[in-house]
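Trainee: I should like to learn how internal cavities and surface patches are read from a model. May we work through an example together?
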Amino acid sequence: NCKISKEYPRLTRSEQLAELVGVILGDGCITREQIRITLNSIKDLDYSRYLLTLIGSCINCTPSIRKRQNANAIDITMTGLRLVKRFIDIGLKVGNKVKQQVSVPDWIQKNKRYSICCLRGLVDTDGGVFVHRYKVNNVRYSYKKICFTNKSQPLRDFAYNVLQEVGLDPKQYSDRRVWLYNSHQVERYLDDIGSSNSRLLSVHR
């Protein structure tokens, strides 16, 4: 784990850091001493390895990674009071994300490339590509769609706005979801936003 006594330099704003912020806002939680990202230990196993590399590119820290007993969950944990402070310095908050209705830091929202990378992190953790199948007059149809789900309205608004900015046609409803509704939109999303999570890409293929 990262040592509590270790000094950490200020985090450098970058596309990698913006993506990591999206991941933490999606599947992460922050306490006074830890930042923990929790993933599905089966579906997100490859992605967890990617995140170790992403974290290493943003800060000099070797996180711990642990499979939870009796659960299909894996925790990536960064520990250290001073390390947590560096993430607070860039606009993240300690505590319950839903109660605080957290949003994306301003420095990301004001930069299009950072916004795209942050959205990638959000959707890679709190989103997915799904195949909708149905039958009409005994003819089977199917199409892909993307859904981002989060209980923080500011995060949903951010996702909706960035999708619009890149020329997509998102739909936002009162069920805490932002949707892209057809295969063409999914193709455009993966071209313009991209994904670092093979779970999403496997459905795409």
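Mentor: The discussion below takes up the cavities and then a surface patch of this predicted model.

Trainee: How many cavities of 30 Å³ or more does the count come to?

Mentor: A cavity is a set of points where a probe fits but cannot get out. Here the count comes to two cavities of 30 Å³ or more. The largest has a volume of about 50 Å³, and the second largest holds about 40 Å³ of space.

Trainee: Which residues line the largest cavity?

Mentor: Its lining includes Ile24, Leu25, Cys29, Leu92, Lys93 and Val102. Both α1 (15-27) and β1 (28-30) supply at least two lining residues each, and β1 provides the largest share, with three. By class, six lining residues are nonpolar, two are polar and two are charged.

Trainee: What classes of residue make up the lining of the second largest cavity?

Mentor: Seven nonpolar residues make up that lining, with no polar and no charged ones. They are Val123, Ile146, Phe148, Leu163, Val178, Trp179 and Leu180. Two or more residues come from each of β6 and β8 (177-180), and the largest share, three residues, comes from β8.

Trainee: Let us turn to the surface. Why does valine 139 count as partly exposed?

Mentor: Partly exposed covers the range between under 20% (buried) and over 50% (exposed) relative accessible area. Valine 139 is assigned to this class because its relative accessibility is 37%. This residue is found in strand β6 (residues 139-149). Together with Val136 and Tyr141, Val139 forms a nonpolar surface patch with about 230 Å² of accessible area.

Notes. Residues numbered from 1 in each chain as written. Predicted model: local features only at pLDDT ≥ 70, side-chain atom pairs only at ≥ 80, totals over all residues. Heavy atoms only, no water. Patch = residues over 30% accessible without salt bridge, like charges linked within 9 Å, V, L, I, M, F, W, Y side chains within 5 Å. Areas by Shrake-Rupley, 256 points an atom, 1.4 Å probe, with all protein chains shown as cover. Salt bridge = Lys/Arg side-chain N within 4 Å of Asp/Glu carboxyl O. Helix = DSSP H or I, 4+ residues; strand = E, 2+ residues; numbered from the N terminus. Buried < 20%, exposed > 50% of the residue type's maximum accessible area, 1.4 Å probe, protein only. 1 Å grid on protein atoms, 1.4 Å probe; cavity = no way out; pocket = protein on both sides within 12 Å on 5 of 7 lines; lining within 4 Å. Points joined across faces, edges and corners; volume = space filled by probe spheres on them. Nonpolar A, V, L, I, M, F, W, Y, C, P; charged D, E, K, R; others polar.
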